[in-house]
Amino acid sequence: MPVYELFMILRQMPRPELVAGVKRAAEIILDRGGVIRTINNMGTLDLPYKMSSQEIVHRVGTYFTVEFSVPPTQIEDIDEEYSRDVDIIRRGFFKMESELDKPVVKKCTLHEELLPPAYRKEVQEMIAIANRRKKPKFQYNSGLDYYPFAK
């Protein structure tokens, strides 16, 4: 299952209600066959601008991030459930890169960069690959007694 990150802004509430809201949000993921990896509370902050949710205007919110795995077909259902929750002001899902998807970073030194291209290891590998391929050769035998493009 792919790994997703959910960010959500909950309305300002007392701590017991806030815990209940986060627990309710986590249960929605678990009910859809997901696995929660981490839940991070980023604190209660002023919102960058007035936000309205469920016809209520909010100026302060509590920020959370949740890292979880769930089948991709369930993301829309989870988002729909969160849209009906009165405590969640904003939410968003991001697919996170797995370790296999990350590009391999090669270390390079200044000495290797200053070499002429023909002497670099990567260029020599590309030349070797090109030499291994079979190239069609031009055949002069066209069935004519003369070369048609000669002047």
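## Aromatic pairs

F7 has a relative accessibility of 29%, so this residue counts as partly exposed, a label that covers values between 20% and 50%. The model in which this value was computed is a predicted one. F94, with a relative accessibility of 47%, also counts as partly exposed. The structure holds four aromatic pairs, and one of them joins these two residues: the ring centres of F7 and F94 lie 6.0 Å apart and their planes meet at 25 degrees, so the pair is stacked, since planes under 30 degrees apart are given that name. This pair connects distant parts of the chain, because F7 belongs to strand 1 (residues 3–11) and F94 to strand 4 (residues 88–95), with their positions 87 residues apart.

A stacked pair is also formed by Y82 and F93, whose rings are 6.3 Å apart from centre to centre, with 5 degrees between the planes. Here too distant parts of the chain are linked, as Y82 sits in helix 2 (residues 75–84) and F93 in strand 4, eleven residues apart. Y82 has a relative accessible area of 0% and is therefore buried. Ring pairs also gather Y4, F68, Y82 and F93 into a cluster.

## One face of helix 1

Helix 1 covers residues 15–31, which makes 17 residues, and the span from its first C-alpha to its last is 24 Å, close to the 24 Å expected at 1.5 Å a residue. Which residues of helix 1 are buried? They are L18, G21, V22, A25, A26, I28 and I29. When the helix is viewed down its axis, these buried residues fall within an arc of 150 degrees, so they line one face of helix 1. A general property of helices helps in reading this pattern: an α-helix has 3.6 residues a turn, so residues three or four places apart point the same way. On the other side of helix 1, P16, K23 and D31 are exposed.

## The largest pocket

The largest pocket contains about 250 Å³ of space. Its lining is made up of K106, K107, C108, E112, E113, L115, Y119, R120, K121, E122 and E125. Sorted by class, the lining has eight charged residues, three nonpolar residues and no polar ones.

Helix 3 (110–114) and helix 4 (121–132) each supply at least two residues of this lining. Which helix gives the most to the lining of the largest pocket? That is helix 4, with three residues.

Conventions: Residues numbered from 1 in each chain as written. Predicted model: local features only at pLDDT ≥ 70, side-chain atom pairs only at ≥ 80, totals over all residues. Heavy atoms only, no water. 1 Å grid on protein atoms, 1.4 Å probe; cavity = no way out; pocket = protein on both sides within 12 Å on 5 of 7 lines; lining within 4 Å. Points joined across faces, edges and corners; volume = space filled by probe spheres on them. Helix = DSSP H or I, 4+ residues; strand = E, 2+ residues; numbered from the N terminus. Nonpolar A, V, L, I, M, F, W, Y, C, P; charged D, E, K, R; others polar. Phe/Tyr/Trp six-rings, centres within 6.5 Å; stacked < 30°, edge-to-face > 60°. Buried < 20%, exposed > 50% of the residue type's maximum accessible area, 1.4 Å probe, protein only. Expected span 1.5 Å × (residues − 1). Arc of directions from axis to C-beta.
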